[in-house]
Amino acid sequence: QIKLGRSLRLSCSFIHHSRATDDNSPQYHENVFRIGYDGYTSNNADGAGSRYPSMWIYYDYNRPTLKFSVSNAERPWRQFDIVVIESNVRYQVLIEFNETWI
């Protein structure tokens with residue numbers, strides 16, 4: 001169990017190997033992690049309050065792109081592009097935010 005407060009600092013490292021499925025959709029994405037609850041059960045399925053934060057790999061036209069999202073009181077979620085990533089490379093990620101900045 002993670003207690004949510006007014007700020008969060010999270011670091012992780014990962015190596016991207018490949019897609020988890022054979023889905024070749026240009027907007028296919030995979031969830032790396034999500035702190036919060038199931039986005040489909042909140043506020044008409046828009047994910048409000050379900051990303052404190054969350055990290056995703058989107059396959060924008062076959063290019064894996066690391067993105068993360070954060071929920072707040074004003075928006076169900078806000079998404080940030082980080083970088084196009086390469087396979088078999090180790091990445092270190094630091095996500096830090098509080099009530100006023102990310």
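Which strand is largely enclosed by the rest of the structure? In this predicted model, that's β4: 7 of its 8 residues are buried, so the rest of the structure largely encloses it. The views below start with the whole chain and then zoom in.

**Figure 1. The whole chain, a run of strands with the pattern β-β-β-β-β-β.** If you're hunting for helices, there are 0 here, against 6 strands. Of the 102 residues in the chain, 37% are buried. The accessible surface comes to about 7000 Å², and carbon and sulfur atoms account for 47% of that. Now take the contacts with a separation of 6 or more: 50% of them involve residues 24 or more positions apart.

**Figure 2. The β3–β4 hairpin, up close.** Strands β3 (54-60) and β4 (63-70) run antiparallel and are joined by 7 bridges. One of the pairings to look for is Y59 with P64, its bridge partner in β4. There are 2 residues between the two strands, and Y61, sitting in that turn, has a positive phi of about 55°.

**Figure 3. T65, a buried residue of β4.** T65 is found in strand β4, and its relative accessibility of 7% puts it under the 20% cut-off, so it counts as buried. What does T65 touch, once its neighbours within four places in sequence are left aside? The contacts are W56, I57, Y58, D60, V83 and V84. Of these, W56, I57, Y58 and D60 fall within β3, given its range of 54-60, while V83 and V84 fall within β5, given its range of 78-84.

**Figure 4. The largest nonpolar core, with 18 residues.** Look for F14, M55, L66, I85, V93 and I95, which have the most contacts inside this core. Strands β1, β3, β4 and β6 each put in at least two residues. Which strand gives the largest share? That's β6, with 4 residues.

**Figure 5. I95 and the residues around it.** I95 is one of the core residues with the most contacts inside the core. Skip the residues up to four places away in sequence, and I95 touches L8, R9, L10, F33, P53 and F68. R9, on that list, turns up again in the salt bridge of Figure 7.

**Figure 6. F14 and Y91, the 1 aromatic pair in the count.** A pair of aromatic rings is described by how far apart the centres are and by the angle of the planes. Here the rings are stacked, with 5.6 Å centre to centre and 25° between the planes. F14 belongs to strand β1 and Y91 to strand β6, so the pair links distant parts of the chain, 77 residues apart. Are these two rings' residues buried or exposed? F14 is buried, with a relative accessible area of 13%, and Y91 is buried too, at 17%. F14 is also among the residues with the most contacts inside the largest nonpolar core.

**Figure 7. The 1 salt bridge in the structure.** Side chains of opposite charge can pair when their charged atoms come close. In this view the side chains of E96 and R9 meet at 3.4 Å, N to O. Why does this pair tie together separate parts of the chain? E96 lies in strand β6 (residues 90-97) and R9 in strand β1 (residues 8-15), so the parts being tied together are 87 residues apart in sequence. E96 is partly exposed, with a relative accessible area of 30%, whereas R9 is exposed, at 58%.

**Figure 8. S25, in the loop between β1 and β2.** S25 is partly exposed, with a relative accessible area of 30%. Leave aside its neighbours within four places in sequence, and S25 is in contact with R19 and Y59. Y59 is the residue whose bridge partner in β4 is P64, so check back with Figure 2 for that pairing. Another residue to find here is N62: its C-alpha atom is 8.4 Å from that of S25, although the two are 37 residues apart along the chain.

**Figure 9. N88, in the loop between β5 and β6.** N88 isn't a glycine, yet it has a positive phi of about 60°. Buried or exposed? N88 is exposed, with a relative accessible area of 58%.

Methods:
Residues are numbered from 1 along each chain as its sequence is written. This is a predicted model: local features need pLDDT of at least 70, side-chain atom pairs count only at pLDDT 80 or more; totals for chains, interfaces and linings use all residues. Side-chain values use heavy atoms; hydrogens and water are left out. A salt bridge is a side-chain nitrogen of Lys or Arg within 4 Å of a carboxyl oxygen of Asp or Glu. Buried means under 20% relative accessible area, exposed over 50%, partly exposed in between (1.4 Å probe, protein chains only). Contact means heavy atoms within 4.5 Å. Accessible areas come from the Shrake-Rupley method with a 1.4 Å probe; for residues, only the protein chains shown count as cover. A nonpolar core is a set of buried Ala, Val, Leu, Ile, Met, Phe, Trp, Tyr and Cys residues joined through side-chain atoms within 4.5 Å. Rings of Phe, Tyr and Trp (its six-membered ring) pair if their centres lie within 6.5 Å; planes under 30 degrees apart count as stacked, over 60 as edge-to-face and the rest as tilted.
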